[in-house]
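This report describes selected features of one structure, namely its surface, a charged pair and its sheet. The sequence and the model are shown first.

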Amino acid sequence: MADAWEERKKALENQYFYKLEQELIEKIKTDAHEHIIRKYCQNRCPKCGDKIEPMTFREVPLDRCSGCGGVWMGPKDLSILAEKDHRTWFDKWFKSENESVS
């Protein structure tokens, strides 16, 4: 009977370490996938994949896609722009975009 308990104990131990190894392998795969995405998508538009070029609007640095015209802002850039004369820059920004699209 002691052998059966020892075998059961070893089986549970093996199962435990197998589960830990599978979780570690999954984490390594996820990290590697994330690293590859960041490496090959850096400075690329998430919408169309074209190169993103830096620009300045009202002394706020932004990124603009040369392909689709998308604009990306940093976490505080919109609040900085909103503090400025918002009616003027909103009208100017969106009128010029609508005119070029039409």
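In this predicted model, Tyr16, Phe17 and Leu20 together make a nonpolar surface patch of about 300 Å². Phe17, one of these three residues, belongs to helix α1, which spans residues 2-41. Phe17 has a relative accessibility of 42% and therefore counts as partly exposed, since that class lies between the limits of 20% and 50%.

**Charged pair in the helix**

A search of the whole structure yields one salt bridge. The side chains of Lys27 and Asp31 form this contact, with an N to O distance of 2.9 Å. The distance satisfies the criterion, because a side-chain nitrogen of Lys or Arg must lie within 4 Å of a carboxyl oxygen of Asp or Glu. Side chains of opposite charge can pair when their charged atoms come close. The spacing along the chain is also informative: Lys27 and Asp31 are four residues apart in helix α1, so about one helical turn separates them. Lys27 is partly exposed, at a relative accessible area of 49%, and Asp31 is likewise partly exposed, at 41%.

The accessibility values of four residues are collected below.

| Residue | Relative accessible area | Class |
|---|---|---|
| Phe17 | 42% | partly exposed |
| Lys27 | 49% | partly exposed |
| Asp31 | 41% | partly exposed |
| Glu53 | 41% | partly exposed |

**The sheet**

Three strands form an open sheet in the order β1-β2-β3, and their pairing is antiparallel. Strands β1 and β3 (71-72) stand at the edges; each has a single partner strand, so one side of each lacks a neighbour in the sheet. Strands of a sheet pair through backbone hydrogen bonds, either parallel or antiparallel. Strand β2, covering residues 60-65, pairs with β3 in the antiparallel sense over two bridges. Two bridges are enough for this pairing to count, because the criterion asks for at least two. Asp63 has Trp72, in β3, as its bridge partner.

**Surroundings of Glu53**

Glu53 lies in strand β1, which runs over residues 52-57. With a relative accessibility of 41%, Glu53 is classed as partly exposed. Which residues does Glu53 contact, leaving aside its neighbours within four places in sequence? They are Leu62, Asp63, Arg64 and Ser66. Asp63 thus links two parts of this description, being in contact with Glu53 and having Trp72 as its bridge partner in β3. Asn43 is ten residues from Glu53 in sequence, and the two C-alpha atoms are 7.7 Å apart in space.

Definitions and conventions
Residues numbered from 1 in each chain as written. Predicted model: local features only at pLDDT ≥ 70, side-chain atom pairs only at ≥ 80, totals over all residues. Heavy atoms only, no water. Buried < 20%, exposed > 50% of the residue type's maximum accessible area, 1.4 Å probe, protein only. Contact = heavy atoms within 4.5 Å. Patch = residues over 30% accessible without salt bridge, like charges linked within 9 Å, V, L, I, M, F, W, Y side chains within 5 Å. Areas by Shrake-Rupley, 256 points an atom, 1.4 Å probe, with all protein chains shown as cover.
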